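Here is a friendly tour of the fold in front of you. Keep the 3D view open as you read, and follow the sheet before turning to the packing around it.

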Amino acid sequence: MKTMGGIQGRIKICYLVDALNQSSTSRQVYTLAKYLRKEDFSVTVVSFINEQRQRRDFESIGVRLYHIDLGFDDVTKPNFRHAPWQVILLIYFLIRFFHQQRFHIVHASGLPTVIFGIIASYIARVPVRIGRLSTRKEPSPRAFYFLSWLARIATHWAEGDPLILDQFAELGVPKQKLLYFPHLIDNAIFRPRESKRSEIRKFLNLPKRAFVILTIARLIPMKGVDRFLAVAKEILRSVPTAHFVIAGEGPEYEHLRSLALQLHIKDHTHFVGFYPRSWELYTAADVVAFTSWPSYDSIPSAVLESFAC
């Protein structure tokens with residue numbers, strides 16, 4: 001039987017994510033799982049929000065999927081105070097789950113997922129426990145001690161943004177635990193497709209000579225899509241052929257549609273919702289814009305994907 005790093009057989013990896021959607025975390029996990037050698041690695045993904053858009057994609061590459069419903073509509077706004085027992089039960093479930101599955105690696109990304117995952121995997125004695133915060137948001141004084149403790153019980157802390165690693169170093173986390181983990185882009189998918197440009201624009205009902213500005217984001221306040229629309233109105237004053245494409249879903253959807261109407265740019269704004277073939281949108285665009293608040297997003301995967309296309 002093959003041995004890797006003292007482990008006989010396949011290495012068992014568990015990823016904890018908020019949802020199976022088009023978020024950077026979900027796409028990163030999918031890309032990594034797709035190219036891991038199946039004879040050497042077994043991948044399991046656990047999600048906490050009932051947003052399963054990419055479920056078939058994950059299943060098609062042999063990933064085992066589990067969903068735990070916490071009743072959260074938005075992982076960025078968990079309400080622990082109303083159901084502390086639910087959090088305790090979740091950590092208990094994860095401890096049992098990690099024990100039963102005997103994972104070698106648990107990788108948890110984003111709050112509160114990283115809290116559940118690191119604490120449970122530490123108690124379950126999972127050999128490798130990797131945390132990833134994925135935000136530059138400055139921790140409050142109260143969170144200062146908790147985050148430093150959480151990073152200490154993790155075996156590693158991996159981030160795609162060196163500035164976040166610097167923050168954790170300032171929190172007193174040993175530098176040997178901090179890993180730079182670059183964003184993964186699947187170049188077999190995200191690549192230039194100039195020959196398809198006219199065809200994709202026609203499918204999206206965009207005018208042939210339109211100057212297309214695209215943003216791809218989950219429609220939540222921290223992504224700043226309202227700022228994208230405000231800037232769009234100003235751009236139209238000097239570029240009347242401009243059209244603005246917004247791809248993504250979320251609780252801000254109706255508000256943003258109303259805002260486009262109030263700004264009198266409705267005829268130049270296209271909400272395409274969840275669009276699984278995002279590489280087509282990059283091909284159709286002249287400019288790709290990102291308006292996330294810098295305290296929330298570090299380096300969104302969509303930035304690098306747009307560069308690749």
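## The sheet and its cores

In this predicted model, seven strands form an open sheet in the order S5-S4-S3-S6-S7-S8-S9, with parallel pairing. Strand S5 (64-67) and strand S9 (178-180) sit at the edges with a single partner strand each, so one side of each has no neighbour in the sheet. From one strand to the next, the twist averages 20°.

At the S5 end, strand S4 (residues 41-47) pairs with S5 in the parallel sense over four bridges. His67 in S5 is the bridge partner of Ser47.

Two helices that pack against these strands are set out here:

| Helix | Strands touched or crossed | Angle to S3 |
|---|---|---|
| H1 (residues 24-35) | lies across S3 (11-17), S4, S6 (105-109) and S7 (128-132) | about 165° |
| H3 (residues 84-101) | touches S3, S4, S5 and S6 | about 160° |

Now for the nonpolar interior. Which residues of the largest nonpolar core touch the most other members? They are Phe98, Trp157 and Phe168, out of 36 residues in that core. Two or more residues each come from S3, H3, S6, helix H4 (113-123), helix H5 (141-153) and helix H6 (162-170). H3 gives the most, with seven residues.

Trp157 is worth a click: leaving aside neighbours within four places in sequence, its contacts include Val114, Gly131, Arg132, Leu150, Leu165, Phe168 and Leu179. Apart from the largest core lies another, of 19 residues, with Phe190, Leu214, Ala285 and Cys309 among them.

Methods
Residues are numbered from 1 along each chain as its sequence is written. This is a predicted model: local features need pLDDT of at least 70, side-chain atom pairs count only at pLDDT 80 or more; totals for chains, interfaces and linings use all residues. Side-chain values use heavy atoms; hydrogens and water are left out. Two strands pair if DSSP finds at least two bridges between them. Axes are lines fitted to C-alpha atoms, for helices over the stretch in contact, and angles run from 0 to 180 degrees between N-to-C directions. Contact means heavy atoms within 4.5 Å. A nonpolar core is a set of buried Ala, Val, Leu, Ile, Met, Phe, Trp, Tyr and Cys residues joined through side-chain atoms within 4.5 Å. Buried means under 20% relative accessible area, exposed over 50%, partly exposed in between (1.4 Å probe, protein chains only).
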